[in-house]
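Here's an informal tour of one protein chain, starting at a single arginine and working outwards. Have the viewer open as you read.

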Amino acid sequence: SGSVYVVLVTLRRFFFFFFIMFFFFFLMIRRPPRSTLFPYTTLFRSDGQKVLDIGCGNGYSTLRLAAKHDLDIEGVDYIEDLIDAARRNLSEFPGEIKSRISFGTGNILDPDRPCGTYDRIITTRVLINLADRESQEKAALNCRELVKPDGKILFSEATMGGWKRLNMLRTECGLSEIPMPSFNLYLDESW
């Protein structure tokens, strides 16, 4: 009886992995245009845009974005040590790119920048690090105030639904669930 159960579980996992592999193979063959797969490719179609990267950390993504697109980018982070690291990383880039990038400390809950200044705003794992839902909503509203009326905001944040689906897949594959870090408050997808 126990060996039959093991065989059934093994077959179930085999067919699950087979389905996943077939699905990804099918996607590779019928892959949509790149612009629908990665939002950055459509977010920065025109040069010279003024971009605010909130939560830029050590500047890695900010610098790569500036190297790929002709953008004026301001990276901000709450932690001064990360801004110092971003400035050190900036020193390794050519002068043309350096002239289009600046880094400084800032707080998404109390931005000290004029409204309607930016063509694009990016946050990456910023809202999930705020203490409560009210702070998350205030931060999102602040972003809306900072972006130009025809501008766009990209919130790249973890969600409760995504975390639950990831853990369901991990369980199906026989892996342990990933706990939510105690310092994160994942967004509700209905929000």
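## Starting at R100

Setting aside residues up to four places away in sequence, R100 touches A66, H69, D70, L71, D72 and I73. One thing to keep in mind while you look around: this is a predicted model.

R100 sits in the loop between α6 (95-98) and β3. Is R100 buried or exposed? Its relative accessibility is 9%, so R100 counts as buried, the cut-off for that being under 20%. Among its contact partners is H69, and there the pairing is polar: a polar atom of the R100 side chain lies 3.0 Å from the backbone oxygen of H69.

## The overall fold

Zooming out, the chain has 8 helices and 5 strands. Going along the sequence, they come in the pattern α-α-α-β-α-β-α-α-β-β-α-β-α.

The chain has 191 residues, and buried ones make up 33% of them. If you take contacts between residues at least 6 apart in sequence, 69% join residues at least 24 apart. On the outside, the chain exposes about 12200 Å², with carbon and sulfur atoms supplying 60% of that area.

## Two nonpolar cores

In soluble globular proteins, nonpolar side chains tend to be buried together. Here, the largest nonpolar core has 18 residues, and F44, I101 and F103 have the most contacts inside it. Two or more residues of this core come from each of α4 (60-68), α5 (80-90) and β3 (101-105). There's also a second, separate core of 17 residues, including L127, I128, C143 and L146.

What does F44 contact beyond its neighbours within four places in sequence? The list runs Q49, V51, L65, H69, L71, R120 and I122. H69 and L71 may ring a bell: they also turn up among the residues that R100 touches.

## Out at the surface

Y78, I79 and L82 make a nonpolar surface patch of about 310 Å². L82 belongs to helix α5, an element that also gives residues to the largest core. With a relative accessible area of 30%, L82 is partly exposed.

Then there's S190, in the segment after α8 (160-172). S190 counts as exposed because its relative accessibility is 66%, and the cut-off for exposed is over 50%. Although S190 and M160 are 30 residues apart along the chain, their C-alpha atoms are separated by 9.9 Å.

Terms used. Residues numbered from 1 in each chain as written. Predicted model: local features only at pLDDT ≥ 70, side-chain atom pairs only at ≥ 80, totals over all residues. Heavy atoms only, no water. Helix = DSSP H or I, 4+ residues; strand = E, 2+ residues; numbered from the N terminus. Buried < 20%, exposed > 50% of the residue type's maximum accessible area, 1.4 Å probe, protein only. Core = buried A, V, L, I, M, F, W, Y, C linked by side-chain atoms within 4.5 Å. Contact = heavy atoms within 4.5 Å. Patch = residues over 30% accessible without salt bridge, like charges linked within 9 Å, V, L, I, M, F, W, Y side chains within 5 Å. Areas by Shrake-Rupley, 256 points an atom, 1.4 Å probe, with all protein chains shown as cover. Salt bridge = Lys/Arg side-chain N within 4 Å of Asp/Glu carboxyl O. Polar contact = N/O pair within 3.5 Å; in protein donor to acceptor, adjacent residues only side chain to side chain.
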